[in-house]
Amino acid sequence: MSKYSRRFLSILKQVDKNILYTPVDAFELLKQLSSVRFVETVEAHILLGLDPKYADQQLRSTVILPKGSGKSVKVAVITQGNQIEEAMSAGADIAGSEDLIEEILKGRLDFDKLIATPDMMLLIAKLGRILGPRGLMPSPKSGTVTKDITSAINEFKAGKLEYKVDRTGILHVPIGKLSFNIDDLNLNLKALQESVDKNRPSGSKGKYWKSLYLSSTMGPGIPVNINFLRDS
């Protein structure tokens, strides 16, 4: 059985689990309840009516948060020739070819996103056992395998996120920092909601959205009425 701190139990008493909050009210409450000395991340936890063990009920996509994630994203690019210089000019933190592949094999993982051009994927395949468990393996679905590396770098630097349901059908997605103003957090949440709806798997039957909770890094989960978001 998990044990909560006195601080957390005190905060928990201020959340009414018997009502569904509007997104704006939930954000306001998270701000009021925050009592830590660092800027917390705000996360959306969405239970969907999906069973990911079936191929037609898997959800994996990307969303560009209009107000950014609030996180500084370190981008690495594996490509070749003139595109290495292009990547660095576009804002990549690390760029290379077979030399970078070898460095990753030796343990270099000081980046948050790895972008690759299609012509490098055969060479990158051997990195699967290192990158796969960390969610860093480039893939077309996540937008990290592309010929347009400049656009990809710009998007991830601006707040593009990849999301996918876990084995229980839940999405856990960071949507900004608690220091953001409420309108900006709401815009980011709205963008996520529209992306999740747009990418509804073909095998999804019945009620798609089952529940939505908003939380901060050290805060409680606050139940939210999704209909208020759709009507905004």
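A salt bridge here is a side-chain nitrogen of Lys or Arg within 4 Å of a carboxyl oxygen of Asp or Glu. In this predicted model, that rule brings the count to 10 salt bridges. One of them pairs K67 with D184, where the closest N and O atoms sit 4.0 Å apart. This pair reaches across the chain: K67 is in the loop between β2 and β3 (75-78), D184 belongs to helix α8 (residues 182-198), and 117 residues separate them. As for exposure, K67 comes out as partly exposed, at 41% relative accessibility.

On to the domains. The assignment splits the chain into domain 1, made of 16-69 + 160-231, and domain 2, covering 75-158. Their C-alpha centres are 28 Å apart. Where the two touch, domain 1 brings 7 residues and domain 2 brings 8 residues to the contact. The size of an interface is often given as the accessible area lost when the parts come together. For domain 1 and domain 2 that buried area is about 710 Å², with carbon and sulfur atoms giving 48% of the total. On the domain 1 side, a trio does much of the work: R60, K160 and E162 supply 72% of the area that domain 1 buries against domain 2, more than any other three residues.

What about charge pairing across this interface? Side chains of opposite charge can pair when their charged atoms come close. The rule finds 2 salt bridges between domain 1 and domain 2. K113 and E162 also form a salt bridge, with 3.8 Å between the closest N and O atoms. In terms of polar contacts, 1 residue pair turns up across the interface of domain 1 and domain 2, counting pairs with both residues at pLDDT 80 or more. Looking at which elements build the domain 1 side, β2 (60-64) and β6 (160-164) are those that give two or more residues to the part touching domain 2. Of the elements, β2 gives the most, with 3 residues. By residue type, that side of domain 1 divides into 2 nonpolar, 2 polar and 3 charged.

K160, already met in the trio that buries so much of the domain 1 area, has a salt bridge of its own. Its partner is E155, with the closest N and O atoms 3.0 Å apart. The two ends differ in exposure: K160 is buried, since its relative accessible area of 12% is under 20%, whereas E155, at 29%, counts as partly exposed.

Two further pieces of the charge pattern are worth a look. The side chains of D112 and K71 meet in a salt bridge at 3.8 Å, N to O. D112 lies in the loop between α4 (98-105) and β5 (113-116), while K71 lies in the loop between β2 and β3, so the pair ties together parts that are 41 residues apart in sequence. D112 itself is partly exposed, with a relative accessible area of 30%. There is also a network of salt bridges, which links K74, E103, R108 and D110.

Finally, a look at V39. This residue is placed in the loop between α2 (23-33) and β1 (41-48), and is partly exposed, with a relative accessible area of 48%. Leaving aside residues up to four places away in sequence, V39 touches K177, L178 and S179. V39 and K113 are 74 residues apart in sequence, and their C-alpha atoms are 22 Å apart in space.

How values were computed: Residues numbered from 1 in each chain as written. Predicted model: local features only at pLDDT ≥ 70, side-chain atom pairs only at ≥ 80, totals over all residues. Heavy atoms only, no water. Domains from an automatic or database assignment. Contact = heavy atoms within 4.5 Å. Buried area = accessible area lost by both parts, 1.4 Å probe. Polar contact = N/O pair within 3.5 Å; in protein donor to acceptor, adjacent residues only side chain to side chain. Helix = DSSP H or I, 4+ residues; strand = E, 2+ residues; numbered from the N terminus. Nonpolar A, V, L, I, M, F, W, Y, C, P; charged D, E, K, R; others polar. Buried < 20%, exposed > 50% of the residue type's maximum accessible area, 1.4 Å probe, protein only.
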